[in-house]
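Here's a quick tour of one helix and a few internal holes. Have the model open as you read.

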Amino acid sequence: MYMKHESYPAALLELVAIANDAVRQIPPLFPLASSVAVNPFLGHQDESFAVAAARLGRVAGQRITPDRSVWAQKLRTGELLDADLVEARTAIDTPFDIPSLEDLKTALGAEPEPMAALPTVAELATEVSGVDWSGLIEERIGAWAASHFDQGQALWQPARTGGAFSAWRDFASRDLTLEIHGLKGFGAFVAGTNRSQWRAIGRACETLGVTPGSAGTAFHRWLITLGGWAQYARYLLWQAELAGQTETTTTELLAIRLVFEEALFNQYRDQISARWVETIAQHEAPITPTRDLAIDAIWQDATERAQQRKLGEALTAHHPRKAEGRPLVQAAFCIDVRSEVFRRALEAQGAGIETIGFAGFFGLASAHKAAGSDVTELRGPVLLNPNVTSTAAEDQHADLKRRYTARAKRAWGRFKLAAVSSFAFVEATGPVYAGKLLRDAMGPKNGTGRIDPAPQLDPSIDLATRVDMAKSILTAMSLTDNFAPIVMLTGHGADVTNNPHESALQCGACGGHAGDVSARLLAGLLNDGAVRDGLRTAGIDIPTDTLFLPALHHTTTDEVTLFDQDIGKGAQAEEIENLRGWLQSAGRLARAERADRLPRATKSDDIARRAVDWAELRPEWGLAGCRTFIAASRNRTDGVGLAGRSFLHSYDWRADEGLGVLELIMTAPVVVASWISLQYYGSTVAPKLFGGGNKLLHNVVGGIGVVEGNGGSLRPGLPWQSVHDGENLQHEPLRLSVIIEAPIEAMNGILERHSGVKALFDNRWLHLIAMDENGDLAWRYHRDLEWVPMTNNAEEHQTIAAE
């Protein structure tokens, strides 16, 4: 990320450091093939929610809280109590006097003034010239970036040597678009810039009067105007840093944007310089939340406390199932909120069925090669580097057949899309597709693709390492004794058609892929006799009649595929058939529950049809509605209808020797869940900034992202149809409440060791709540390792409000 040591002046070196900091205010955008949820506030975790709101108001002109009418409605209906507001007032960190309860209620009478970002030079030039320079810049950068970053969608690709800034200089110096619209000599101006992006940035800052004091939010403002292109460049940096390397594309894009600003400033200097000097002065001012932003932060916090209060009441009132002896089946599912509905439905099939929640990559972050492919898929959390390699190997004949089929499909696809042959294709074979289009539109059939052979771990991993891996995973799952005859390891994936964002519906813990590979790898590891012998020596005795059965939960249809072909014929045949029946019944229950929420779904068959309907905008709701993360024994939530809104991680702190599993949960699954929650939050409250736009207008660009219409910036985040049903929001914007059954001293120790995780809770990006030995929500994390007791029912809250 940082430039090589050269003879740069001290002033430029200071700007370089500020530019590198500004880059980290931009969240990464993962490509469509393996897109995962990303926290859009990733660069703001070290500042409070209200300060981040002030910053984003300055650089993007966006509020990050719902309209106040939403809170007013909750207050009227009694969903939100005065006591929730009273508690939230005590938690706010504000330079102003804390608003009174009356002030908070009075503020609901009117929405605050709309926020406006500080203007760019392009916007000021537009005001005096009438030419939409901002729109033109976005369009021309988009036209160049679409080809520069292309990952194989285009049939022709430009040269990419020398980096992004060098490639853009070659493009822009010959592009006459801006000159045609009135920016005189722009091509020559670009050709005259220094080939070093740092020197280009330095010269532009000198021309524009950008000082070190103003550069922080000024750079951030320009990066924001680049939309998803800056975020994709940030992804390239993210990947490079995971590999211990560095990458400069994001700052090169900043240099590109500054060249446009410098050229426009030179042309319109006399007309805009006074306004621009004022803008620079505003960039230099400290970022301080207004009183309105402080009020909004209190209301948002109060809304989340109201939800926590209702959850606490439900947990206190519930009566868990009583199961004794050895279970018939133990089914491990990903902690994904969509699993909660199916787990509840499966448990309803009998008292002998237990379910377990664990991160869907099952502790095996694999660099995996599918059958017939040389592409390495990273099937693990994007926060981690792979810890194993695997391959789905098959015999040479089957491998060649699979490869030939894939190449033929690619060749046919290129023939259909090529510049010349596409016309012949439409003339000659276009009518043949009429029948297929009608079948797809009127009666789509659900089909399953060819299943890869069972994946195999790298054979070079020795037995001792495999035993250690198995022990660590079982311990982290809180599954070390009382094993059932069948332990189903269930990954999850989504079956959809004609959906560019398909990978966003897959398993986030598996890097935007389905979780079948991880489940099958772990089952193979735990069914290995030598590994079991080693586990027995290590203190985990798996009965000889216990079978680990890999499976895949299809979240769009609530069907479950069992990979019983991996385990050999005859093994536990009767038990597996019983399990199939339970899974089918559970699927019907789960589909019936989900049908109530999906538009135009009135019966179970409608759910299956949506998955393969190429015109369906909402094949499922994904993780819309997610609001809580609970790490506790399943009996704490067993029987509580959580409506598919909770991440459920099985955890027993009493069996966690050294509390290493607790540390793993708080630093990995909790952080991943926070990314998911905050992506849904940002896409809901600030869709223009953090959302993916309208699916009906999407066009895939470069195989990496989508634009709305025929060009411009990539759209990051979730499409509007993923959070809204056409009439109402289907995701209520709430920051995630993390509930853990563990001693608060243990959690404090972990927070002390992990400052980044601590900042998430200190600055209210997440809530942290401790569950006590009775299963009640007992303690709330305040900040700086301080906790306060919680109240869990409306009567206690009303008493607090009265006091």
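## A helix on the inside

Helix α16 covers residues 337-347, and 11 of its 11 residues are buried, so the rest of the structure largely encloses it. Buried here means under 20% relative accessible area with a 1.4 Å probe, protein chains only. Helices are DSSP runs of H or I, at least four residues long, numbered from the N terminus. The buried set includes the charged-type names you might look up, among them R338, E340, R343, R344 and E347.

At the N-terminal end of α16, D336 acts as the cap: one of its side-chain oxygens sits 2.7 Å from the backbone nitrogen of R338.

## Where this comes from

The model is predicted: local features need pLDDT of at least 70 and side-chain atom pairs pLDDT 80 or more, while totals for chains, interfaces and linings use all residues. Residues count from 1 along each chain as its sequence is written, and side-chain values use heavy atoms, leaving out hydrogens and water.

## The holes

Searching the whole structure turns up six cavities of 30 Å³ or more. A cavity is a set of points on a 1 Å grid over the protein atoms alone where a 1.4 Å probe fits but cannot get out, and lining residues have an atom within 4 Å of a point. The volume is the space filled by probe spheres set on the points, which are joined across faces, edges and corners.

The largest cavity holds about 140 Å³. Its lining has 16 residues, with N499, L505, E620, K695 and S722 nearest the centre, and splits into eight nonpolar, five polar and three charged.

The second largest has about 90 Å³, and its lining includes W675 and G508.

Notes. Buried means under 20% relative accessible area, exposed over 50%, partly exposed in between (1.4 Å probe, protein chains only). Helices (H or I, at least four residues) and strands (E, at least two) are DSSP runs, numbered from the N terminus. A polar contact is a pair of N or O atoms within 3.5 Å; within protein, one must be able to donate a hydrogen and the other to accept it, and residues adjacent in sequence count only if both atoms are side-chain atoms. On a 1 Å grid over the protein atoms alone, a cavity is a set of points where a 1.4 Å probe fits but cannot get out, and a pocket is an open set with protein on both sides within 12 Å along at least five of seven lines; lining residues have an atom within 4 Å of a point. Ala, Val, Leu, Ile, Met, Phe, Trp, Tyr, Cys and Pro count as nonpolar, Asp, Glu, Lys and Arg as charged, and the others, Gly among them, as polar.
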